[in-house]
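Work through the exercises below with the sequence and the model side by side. Try each task before you read its solution.

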Amino acid sequence: MITVRGLSEYRIERPSVVTIGTFDGVHIGHRKILSRLTDFGRSHDMQSTLLTFYPHPRMVLQKDSGLKLLNTIEEKTDILRETGLDCLVIHPFTQRFSRLTATQFVREMLVEKLHTKKIIIGYDHRFGRNRTANIQDLEAFGNLFDFSVEEISAQEVDEVSVSSTKIRKALEAGDLETANAYLGYPYMLSGTVRRGKGLGRNLGFPTANLGIDSEYKLIPANGVYAVRSQLGDREVFGMMNIGSNPTVEDSGQHIEVHFFDLDQDLYDQPLRVGLLARLRDERKFDSLEALKEQLSLDQQAARRAIRQR
């Protein structure tokens, strides 16, 4: 997959079949569209292209929206790389860009830059300044600029009954099972391992203190999770706590990962963690000994959850 940062950098002359959207989470509903896109591209010798935007439009147009995203742009890129997509175009979304008319957007970006010959789009797609143009307008532009439009019907999309909003709500409620089912993969957190206070090591459960690099990344509900990571060519498993460490310090939110059967210095290294199962809520214990006993039980529960997957 070719990744292009901004349409000004797009240099491919081959005709394209294009879809457009933020695709936050790249969930199973998105994958129906992407599968149709890549299949059509292969069968018609066209470049299959996703035109997406960063930052998310709501972050630019509604700065106080408080929107949290399911993917960082790096996570999204890595997930899309596995879909068979030929080209990912990440175009900067700015106030100036938002003021493009529908005609300007279609002519300058879809036709002149991407050489679009077909657009495959989800139902109820709107575009252009103030999102005033709809699928009928897009079809009219297709007649004018010589491209065809295929709409994924409401029935097909609703059949999956999934949306990025539903996934966000499930994660915030601690319903990881539903979120992962909708995503089609374990929800992930990416960041850098930072030095903590060594509290886990003192309890016999050394942890990697994960600092999330993106301020827009959605952090799931506090609690204990079974997790996996890829360290080089090795897949490792463990358990992770999201919360404030109420037994020890009860301050701020921390994300701490204890990997099983691993003795390795991870400080300052990038780390991506896949969340496999949610084991329990975070809670305060009467003593460090009680906490240590619970951590042993958590480890057993995490190992069982991992074996079942």
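The exercises cover aromatic rings, a strand and its partners, and then cavities and pockets.

The model is predicted: local features need pLDDT of at least 70, side-chain atom pairs count only at pLDDT 80 or more, and totals for chains, interfaces and linings use all residues. Residues are numbered from 1 along each chain as its sequence is written, and side-chain values use heavy atoms, with hydrogens and water left out.

**Exercise 1. Classify the ring pair F53 and F93, and place it in the chain.**

Step 1. Recall the rule. Rings of Phe, Tyr and Trp (its six-membered ring) pair if their centres lie within 6.5 Å; planes under 30 degrees apart are stacked, over 60 edge-to-face, and the rest tilted.

Step 2. Apply it. The centres of F53 and F93 are 6.1 Å apart and the planes stand at 75 degrees, so this pair is edge-to-face.

Step 3. Locate the partners. F53 is in strand β3 (residues 47-54), and F93 is in the loop between β4 (87-92) and α4 (95-98). They are 40 residues apart, so the pair links distant parts of the chain. Helices (H or I, at least four residues) and strands (E, at least two) are DSSP runs, numbered from the N terminus.

Step 4. Check burial (under 20% relative accessible area; exposed is over 50%, partly exposed in between; 1.4 Å probe, protein chains only). F53 has 10% and is buried. F93, at 10%, is buried as well.

Step 5. Widen the view. The structure holds seven aromatic pairs. F53, F93, F97, F105, F127, F141 and F145 form one aromatic cluster.

**Exercise 2. Find which charged ends sit over the rings of F40 and F260.**

Step 1. Set the test. NZ of Lys or CZ of Arg must be within 6 Å of the ring centre and within 35 degrees of the ring normal.

Step 2. Take F40. The charged end of K118 sits over its ring, 4.8 Å from the centre.

Step 3. Take F260. R303 lies over its face, 4.3 Å from the ring centre.

**Exercise 3. Describe the surroundings of strand β9 (residues 223-231).**

Step 1. Count the buried residues. Seven of the nine in β9 are buried, and the strand is mostly covered.

Step 2. Find the partners (strands pair if DSSP finds at least two bridges between them). Nine bridges join β9 to β10, antiparallel. Six join β9 to β12 (residues 270-280), also antiparallel.

Step 3. Read across. Y225 stands opposite M240 in β10. V227 stands opposite L275 in β12.

Step 4. Inspect the turn. β9 and β10 form a hairpin with two residues between them, and G232 in that turn has a positive phi of about 65 degrees.

**Exercise 4. Describe the largest cavity and the largest pocket.**

Step 1. Define both. On a 1 Å grid over the protein atoms alone, a cavity is a set of points where a 1.4 Å probe fits but cannot get out; a pocket is an open set with protein on both sides within 12 Å along at least five of seven lines; lining residues have an atom within 4 Å of a point.

Step 2. Take the cavity. The volume of the largest one is about 360 Å³. Its lining has 23 residues, with N241, N245, E256, L291 and L295 nearest the centre.

Step 3. Take the pocket. The largest one holds about 1400 Å³ of space. Of its 42 lining residues, G21, T22, H125, R126 and R131 are closest to the centre.

How values were computed. Grid points are joined across faces, edges and corners, and a volume is the space filled by probe spheres set on the points.
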